[in-house]
Amino acid sequence: MIVFDLQCQSGGHRFEGWFRSSEDFDGQSSRGLVSCPACGSAEIAKAVMAPNVGRKGNQMPVMAKPVDAPAQAMANAPLPPEAAALLKAVAAMQAEAIKSSTWVGEKFADDARAMHYGEKEPGAIHGRATVDEARGLVEEGIAVAPLLIPVVPPEEAN
Ligand SMILES: [Zn+2]
């Protein structure tokens with residue numbers, strides 16, 4: 001005897017069915033002899049089995065991002081309250097930090113470097129840098145951090 005996880009095609013109900021063999025199941029289901037215990041549908045197929053891997057006791061369930069989920073849907077989905085609160089806190093912290101910082105726009109990498117090498121009065125600045133510029137600064141040991149919330153440059157504010 002073998003047991004199959006079965007699923008009715010009309011209602012999606014899952015149940016187990018015992019058969020002498022795989023051929024026995026095929027024969028019975030093609031003659032409409034297998035029916036769903038929940039709704040009586042005779043359109044029955046073997047349920048898709050999840051591969052039995054990673055089910056060990058010390059392993060946590062892992063969620064993967066569904067590949068066919070459109071990215072747009074994710075972006076439009078409302079944030080969970082704790083994420084929204086966190087984002088708000090980050091935004092507030094950033095706004096506070098920027099108050100005492102000077103916007104230097106595209107000169108950010110040059111200014112940061114000049115301050116680091118003592119060619120310019122040190123002070124808090126923020127501005128724009130390309131990924132390459134930022135990487136170059138970090139490699140020179142200059143502390144830079146990406147702003148988590150996009151900042152509207154003063155000259156573009158109006
Ligand atoms: Zn059913």
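Okay, one definition before anything else: when I say a residue is buried, I mean under 20% relative accessible area, exposed means over 50%, and partly exposed is whatever falls in between. Keep that in your head, because A45 comes out at 24% relative accessibility and so lands in the partly exposed group.

Also, please remember that what you're looking at is a predicted model.

So, the overview. The protein chain has five helices and five strands. Starting at the N terminus, you read them off as β-β-α-β-α-α-β-α-β-α. There are 158 residues in the protein chain, and 20% of them count as buried. The accessible surface adds up to about 12,100 Å², with 58% of that belonging to carbon and sulfur atoms. And if you take contacts between residues at least 6 apart in sequence, 45% of them join residues at least 24 apart.

Now, back to A45. You'll find A45 in strand β3, which covers residues 44–46. Who does A45 touch, leaving aside its neighbours within four places in sequence? That would be D5, L6, Q7, Q9 and F25. There's also G12 to look at: G12 and A45 sit 33 residues apart in sequence, and their C-alpha atoms are 9.9 Å apart in space.

Next, the zinc ion. Which protein atoms act as its donors? They are SG of C8, ND1 of H13, SG of C36 and SG of C39, at 2.0 to 2.3 Å from the zinc ion. The angles among those four donor atoms run from 104 to 114°, and the site is tetrahedral. Along the chain, the donors follow the spacing C-x4-H-x22-C-x2-C. Here's the bit I like: H13 is in the loop between β1 (2–8) and β2, while C39 is in the loop between α1 (22–30) and β3, so this pair ties together parts that are 26 residues apart in sequence. How exposed are those two residues? H13 has 30% relative accessibility, so it counts as partly exposed. C39 is partly exposed too, with a relative accessible area of 41%.

Last stop, the surface. M1, V3 and W18 together make a nonpolar patch of about 370 Å². Of those, W18 belongs to strand β2, residues 14–19. Is W18 buried or exposed? Its relative accessibility is 54%, so W18 counts as exposed.

That's my tour, thanks for listening.

Definitions and conventions
Residues are numbered from 1 along each chain as its sequence is written. This is a predicted model: local features need pLDDT of at least 70, side-chain atom pairs count only at pLDDT 80 or more; totals for chains, interfaces and linings use all residues. Side-chain values use heavy atoms; hydrogens and water are left out. Helices (H or I, at least four residues) and strands (E, at least two) are DSSP runs, numbered from the N terminus. Buried means under 20% relative accessible area, exposed over 50%, partly exposed in between (1.4 Å probe, protein chains only). Contact means heavy atoms within 4.5 Å. Accessible areas come from the Shrake-Rupley method with a 1.4 Å probe; for residues, only the protein chains shown count as cover. Patches are made of residues with over 30% relative accessible area and no salt bridge: like charges are joined within 9 Å, nonpolar side chains (Val, Leu, Ile, Met, Phe, Trp, Tyr) within 5 Å. A salt bridge is a side-chain nitrogen of Lys or Arg within 4 Å of a carboxyl oxygen of Asp or Glu. Donors are N, O and S atoms within 2.8 Å of the metal (3.2 Å for Na, K and Ca); water is not among the atoms, so sites may look incomplete. Four donors count as tetrahedral if all angles lie between 85 and 135 degrees; four count as square planar and six as octahedral if opposite donors are over 155 degrees apart and all others between 65 and 115; anything else is irregular.
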